[in-house]
Amino acid sequence: MIKESLRQILDRIPDSVTLVAVSKTKPNSDILEAYESGQRIFGENKVQELTQKYEDLPKDIEWHMIGHLQSNKVKYIAPFVHLIHGIDSFKLLKEVNKQGEKNDRIIPVLLQFHIAQEDTKFGFSLDEAADMLSSTEYKQLCNVQIKGVMGMATFTSDSRQVREEFHDLKLIFDKLKKQFFNGNSDFEIISMGMSGDYELAIEQGSNMIRVGSSIFGGRH
Ligand SMILES: *Cc1c(COP(=O)(O)O)cnc(C)c1O
């Protein structure tokens, strides 16, 4: 089942779009089934679960932290995390930098933007991010690398609204690219789209989708 679902999604998306298989709450056996059919990129949203799965599963898996991250927990994932999607404050970015330094690595991250109508979703506004990126304090961070942006659309069946929100994130990406990352080919990722809306997201410029339930089935 997992293999077939994975195949169907990969068949439907362009090669230029990276699929993050969101395995939160799912057992290692499910992850291994996806792994055996070639999937190497997995996403988790809880630090403890992510750390445990990292320890238990093959070491060539690229683990993405996609959920809300508390500063005091960065240290647990800093040694191995491949990409942190949810950087939503300067404070958190500075902590990731500090832990990157301790682990002698440069940690790749995405800035999360608040594009949804709901106020429960975390993230920067464009102004807040621009302030941070203009600051001298930011320019001194040597152990983080901002690789792009991430966002979540409102949970709604109104596809017009979802499309607009994804479009907003694409515009934010373009503005930041022009103003702060011009000529920097490492700033390239637009992480948007989940099981219910990844096709809309790709249509609006996503090149990284985070898909859970369409691969592994529903969660309780
Ligand atoms: C759970 C989760 C997903 C995947 O959601 P599905 O609807 O199961 O595809 C994507 N992104 C984030 C941030 C999540 O927490």
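Which residue lies over the face of Tyr-54, and at what distance from the ring centre? Select Tyr-54 in your viewer and look along the direction that faces its ring: Lys-59 lies over that face, at 4.7 Å from the ring centre. Please keep in mind throughout this tour that the model you have open is a predicted one.

A similar arrangement can be found if you now select Phe-90 together with Lys-94, where the lysine lies over the face of the ring, at 4.4 Å from its centre.

**The ligand and its surroundings**

Next, select the ligand and display the residues around it, which include Val-22, Ile-66, Met-150, Met-152, Met-194, Ser-195, Arg-210, Val-211 and Gly-212. Lys-24, Ser-213 and Arg-219 also belong to these surroundings, and they deserve a separate look. If you show the side chain of Lys-24, you will find one of its polar atoms 2.7 Å from an oxygen atom of the ligand. For Ser-213 you should show the backbone instead, since a polar backbone atom of this residue is 2.8 Å from a ligand oxygen. At Arg-219, return to the side chain, where a polar atom lies 2.8 Å from an oxygen atom of the ligand. Taken alone, the ligand would expose 390 Å², and the protein buries 90% of that area. If you colour the surrounding shell by residue type, you should be able to pick out six nonpolar, three polar and three charged residues.

**The aromatic pairs**

Now hide the ligand and show the aromatic side chains, among which the structure holds five aromatic pairs. A pair of aromatic rings is described by two quantities, the distance between the centres and the angle between the planes. Begin with Phe-42 and Trp-63, whose rings are tilted, with 6.0 Å from centre to centre and 40° between the planes. Because Phe-42 lies in strand 2 (residues 41-44) and Trp-63 in strand 3 (residues 62-65), this pair ties together parts that are 21 residues apart in sequence. Are these two residues buried or exposed? Phe-42 counts as buried because its relative accessibility is 0%, and Trp-63 also counts as buried, at 1% relative accessibility.

Then move to Phe-173 and Phe-187, a stacked pair with 4.9 Å from centre to centre and 5° between the planes. Here Phe-173 belongs to helix 8 (residues 159-180), whereas Phe-187 sits in the loop between helix 8 and strand 7 (189-191), so that the pair links distant parts of the chain, 14 residues apart. Both Phe-173 and Phe-187 are buried. If you add Phe-181 to the selection, you will see one aromatic cluster formed by Phe-173, Phe-181 and Phe-187.

**Three stops in the loops**

For the last part of the tour, select Gln-70, which lies in the loop between strand 3 and helix 4 (74-77). Gln-70 counts as partly exposed, because its relative accessibility is 43%. Draw a line from its C-alpha to that of Glu-55, and you will span 21 Å between residues that are 15 apart in sequence.

Most residues other than glycine have a negative phi, and with this in mind you can turn to two further loop residues. Thr-25, found in the loop between strand 1 (18-22) and helix 2 (28-36), has a positive phi of about 70° although it is not a glycine. Asp-104, in the loop between helix 5 (90-102) and strand 5 (107-113), likewise has a positive phi, near 55°. Asp-104 is also exposed, with a relative accessible area of 70%.

Conventions. Residues are numbered from 1 along each chain as its sequence is written. This is a predicted model: local features need pLDDT of at least 70, side-chain atom pairs count only at pLDDT 80 or more; totals for chains, interfaces and linings use all residues. Side-chain values use heavy atoms; hydrogens and water are left out. A residue is near a molecule or strand if one of its heavy atoms lies within 4 Å of it. A polar contact is a pair of N or O atoms within 3.5 Å; within protein, one must be able to donate a hydrogen and the other to accept it, and residues adjacent in sequence count only if both atoms are side-chain atoms. Accessible areas come from the Shrake-Rupley method with a 1.4 Å probe; for residues, only the protein chains shown count as cover. Ala, Val, Leu, Ile, Met, Phe, Trp, Tyr, Cys and Pro count as nonpolar, Asp, Glu, Lys and Arg as charged, and the others, Gly among them, as polar. Rings of Phe, Tyr and Trp (its six-membered ring) pair if their centres lie within 6.5 Å; planes under 30 degrees apart count as stacked, over 60 as edge-to-face and the rest as tilted. Helices (H or I, at least four residues) and strands (E, at least two) are DSSP runs, numbered from the N terminus. Buried means under 20% relative accessible area, exposed over 50%, partly exposed in between (1.4 Å probe, protein chains only). A charge sits over a ring if NZ of Lys or CZ of Arg is within 6 Å of the ring centre and within 35 degrees of the ring normal.
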